[in-house]
Amino acid sequence: MKKYLSNKKAIVVFVLPAVILFLTFIFIPILQVFYYSFFKWDGVNQATFIGLDNYIRLIGKDPTFKIANANGFKFGLVITVYQLVLATIFAIAVSDKRIRFRKFFRTAYFIPVVLSVTVVCQLWGNVFNADNGLLNTLMKTLGIEWSQNWLNDRNTAIYTVAFVNAWQWMGYQFALIVAGIKSIGEDFYEAAEIDGATALKAHWFITLPLLKDTFNFCLLISVTGGIKAFAEIDIMTGGGPGNATNTLTYIMYNHAFGRQNFGYGLTSASVLVMECLVIILVLNWLFKDRETPLFARKKGVDLV
Amino acid sequence: MKKFLCVLLAAVMLIGCASALAEEKIKLQIYGQYADDDTKVPYDYAVEKLAEAYPNVELELIPQAQDDGATLLALATAGNLPDIYQTGSGIVTTLRNSKQMMVLNDVAEKTGFLDKVYETEKQFMIADDGNIYAFPYAGQEYVLWFVNNALFEQYGLEIPTTYDELIACAEVFNANGIVTMSLFGQEGWNAAAMYDTIATRYIPEGIKGIDNGTTSITDEGYMKAAEDLVKLAQAGVFQNAVTTTNYDQASEMFLNGKAAMFLNGQWYIEDATKALGDNVTWIAYPSYDEASYEANKHAFSGGGGSISGYAVNPDSPNAELAAEVAAFISEKYCEAKVMLRNNPLVAVNTGLTNDQLPKMMQDLVAEMPNMTSTTAFTWGLTNTTWSNSIGVAAQSLLSGQFTAQEVIDQLVFELE
């Protein structure tokens with residue numbers, strides 16, 4: 001192995017295919033997105049250079065930009081809280097050998113992940129339909145006067161759509177966390193048990209801190225997933241009512257393909273890329289190896 | 001003996017190859033509407049006739065997405081346009097500039113298509129540069145308010161002529177679990193058409209005026225129309241989920257007697273008549289008061305005509321053949337619409353007459369000479385920003401949660 005690692009030619013041969021693929025399909029397209037954001041372009045014909053005009057209009061004047069960012073934040077918040085909290089609880093539960101039907105639950109939590117987004121949206125669309133949806137009908141039947149316009153209310157529709165996304169993808173985070181828990185050695189828990197720690201304390205002081213890297217990854221997925229949310233919004237609300245459930249991705253799609261204004265759409269995409277990069281940097285900084293309250297590795301901590 | 005067998009084998013192989021070549025069909029990809037009876041019946045009919053006239057041609061259908069041309073633009077951007085594709089006004093300018101739309105002048109003449117197009121339709125078929133870019137099949141189409149008379153009679157209500165009367169009807173219908181006006185607001189054009197029927201009471205050009213540049217979004221009429229629509233939405237005239245309701249859901253409500261009114265194009269006459277018989281009719285759009293109702297009774301939404309129909313990809317390896325097939329398909333569409341869908345409002349004179357037209361269609365045909373003005377459907381608008389924005393704006397108004405001022409301000413920004 002050492003022989004290979006000291007051979008620069010071998011390193012180049014092994015790394016080059018991945019680098020070429022990354023440059024061709026990720027890096028160059030991203031550069032193109034930034035490049036065309038400085039143009040007025042219909043996506044087909046000759047583009048006209050307009051400098052920062054698209055950025056000035058989008059960030060400085062477009063009221064939908066503010067709504068889209070707020071929606072990205074709300075969406076991210078809902079899916080982060082829902083997915084991380086539930087996935088962690090479920091993962092810890094199914095990792096406990098005393099729990100019966102663990103295999104069944106492990107599969108059941110993951111099933112929504114393998115379903116098509118369209119199917120999931122149709123399913124929940126029927127549940128949340130304000131006129132004859134399952135949820136409102138159920139409440140009516142039970143005599144609860146709390147029927148809501150789940151997908152058509154400008155203030156709450158984004159939360160409904162975010163819930164659907166959170167419901168579907170929770171299983172993915174669950175699988176990651178289960179894998180993380182499995183990688184923690186049994187001896188940690190045995191030592192905790194000898195010290196007289198309760199199961200809750202053992203998980204608090206052992207499982208959670210040792211899952212730090214997994215949580216970092218899960219958080220990255222859910223937060224960036226929130227700000228670039230699109231599929232559920234397109235299928236369930238079409239960005240509406242009005243522009244109430246627009247996100248930066250939806251602005252990009254709507255301007256590029258709905259209005260043949262690719263330049264403006266790509267400006268939105270550029271801002272989205274920058275936002276995602278900032279979030280990644282911030283999260284990596286927050287999860288850097290150091291003493292933090294949540295992930296403290298206190299020396300000689302009392303587990304009892 | 002060996003020589004004889006070799007010759008025989010070679011002969012058999014040659015015959016086999018020759019017959020395989022003779023049977024080889026030319027496949028043409030076609031991107032067209034294929035969603036409901038009004039689009040499936042003409043397509044199937046045209047394919048059947050094509051098999052007789054062009055036995056060597058086989059069509060491979062890519063059903064058109066209801067996405068206001070987004071998929072077509074994506075295909076054009078990627079350089080993957082099919083051989084034949086259905087197009088609307090908004091994308092014609094873009095694709096003809098990028099040379100992805102074949103000039104069809106010669107084929108239109110050679111096939112005799114040009115001679116068969118009604119004079120009233122020719123003005124829309126021929127673009128401003130004098131060229132033909134698409135073979136149309138739809139004639140002038142109109143937005144109609146369909147009414148289930150039986151429901152109005154059942155609850156002792158008069159057909160409304162003003163918005164106040166409409167709101168009074170809504171109170172009764174809502175109390176009985178009936179939706180007053182069912183819309184499929186998920187589709188921007190349907191929401192925009194609803195707004196347009198109100199805007200035409202103030203400004204006869206409706207949404208077309210802004211596209212033409214003859215009116216401005218800041219004109220008072222557009223604001224008043226927005227206010228009226230918000231008022232109707234807040235009074236419960238539309239279903240709660242109006243902005244997320246699709247065509248199937250909205251139509252089902254109307255055809256099953258769960259909605260008293262429905263807004264759609266005149267192509268819906270056939271389906272409505274089949275399901276509701278004599279109980280269904282179309283009415284002049286209600287207005288803000290009696291006087292304006294009377295004054296604008298013959299001002300219609302839709303009907304403006306536009307460059308649309310089947311266009312051809314000039315980069316197709318069989319472009320000339322595809323152009324001939326596109327002309328053929330468009331003409332057969334017209335035949336099917338006249339004979340099988342009872343819709344005589346087509347672009348091409350097929351020489352066929354249908355004396356079995358439903359009463360609603362007869363009434364519409366009789367009304368046409370009296371029409372004082374028409375507008376356009378969103379797909380007939382040339383300004384893509386406007387056609388997209390008005391759909392979103394109308395959805396905002398239909399939700400009843402946005403003020404008219406908010407929506408008009410947004411439109412002013414979009415059109416800047």
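User: Domain bounds come from an automatic or database domain assignment. Which residue ranges make up domain 1 and domain 2 of chain B?

Analyst: Happy to help! This is a predicted model, where local features need pLDDT of at least 70 and side-chain atom pairs count only at pLDDT 80 or more, while totals for chains, interfaces and linings use all residues. Residues are numbered from 1 along each chain as its sequence is written, and chains are lettered from A and ligands numbered from 1 in the order in which they are written. In chain B, domain 1 covers 24–139 + 306–359, and domain 2 covers 143–304 + 363–415.

User: How far apart are the C-alpha centres of these two domains of chain B?

Analyst: Each domain has a C-alpha centre, and the separation runs from the centre of domain 1 of chain B to that of domain 2 of chain B. That distance is 29 Å.

User: Which helix gives the most to the side of domain 1 of chain B that touches domain 2 of chain B?

Analyst: Two residues are in contact if their C-beta atoms, placed from the backbone, lie within 7 Å. By that rule, 17 residues of domain 1 of chain B meet 19 residues of domain 2 of chain B. Helices here are DSSP runs (H or I, at least four residues; strands are E, at least two), numbered from the N terminus, and α2 (37–53) and α4 (89–97) of chain B each supply at least two residues of the domain 1 side. With 3 residues, the top contributor is α4(B).

User: How many nonpolar, polar and charged residues are on the side of chain B that touches chain A?

Analyst: Here 27 residues of chain B are in contact with 26 residues of chain A, and α18(B) gives the most to the chain B side, with 7 residues. For the classes, Ala, Val, Leu, Ile, Met, Phe, Trp, Tyr, Cys and Pro count as nonpolar, Asp, Glu, Lys and Arg as charged, and the others, Gly among them, as polar. The chain B side has 9 nonpolar, 17 polar and 1 charged.

User: Is A:Gln260 buried or exposed?

Analyst: A:Gln260 sits in the loop between α13 and α14 (262–286) of chain A, and its phi is positive, near 55°, although the residue is not glycine. A residue is buried if 20 or more other C-beta atoms, placed from the backbone, lie within 10 Å of its own, exposed if 12 or fewer, and partly exposed in between. A:Gln260 has 25 other C-beta atoms within 10 Å, so this residue is buried.
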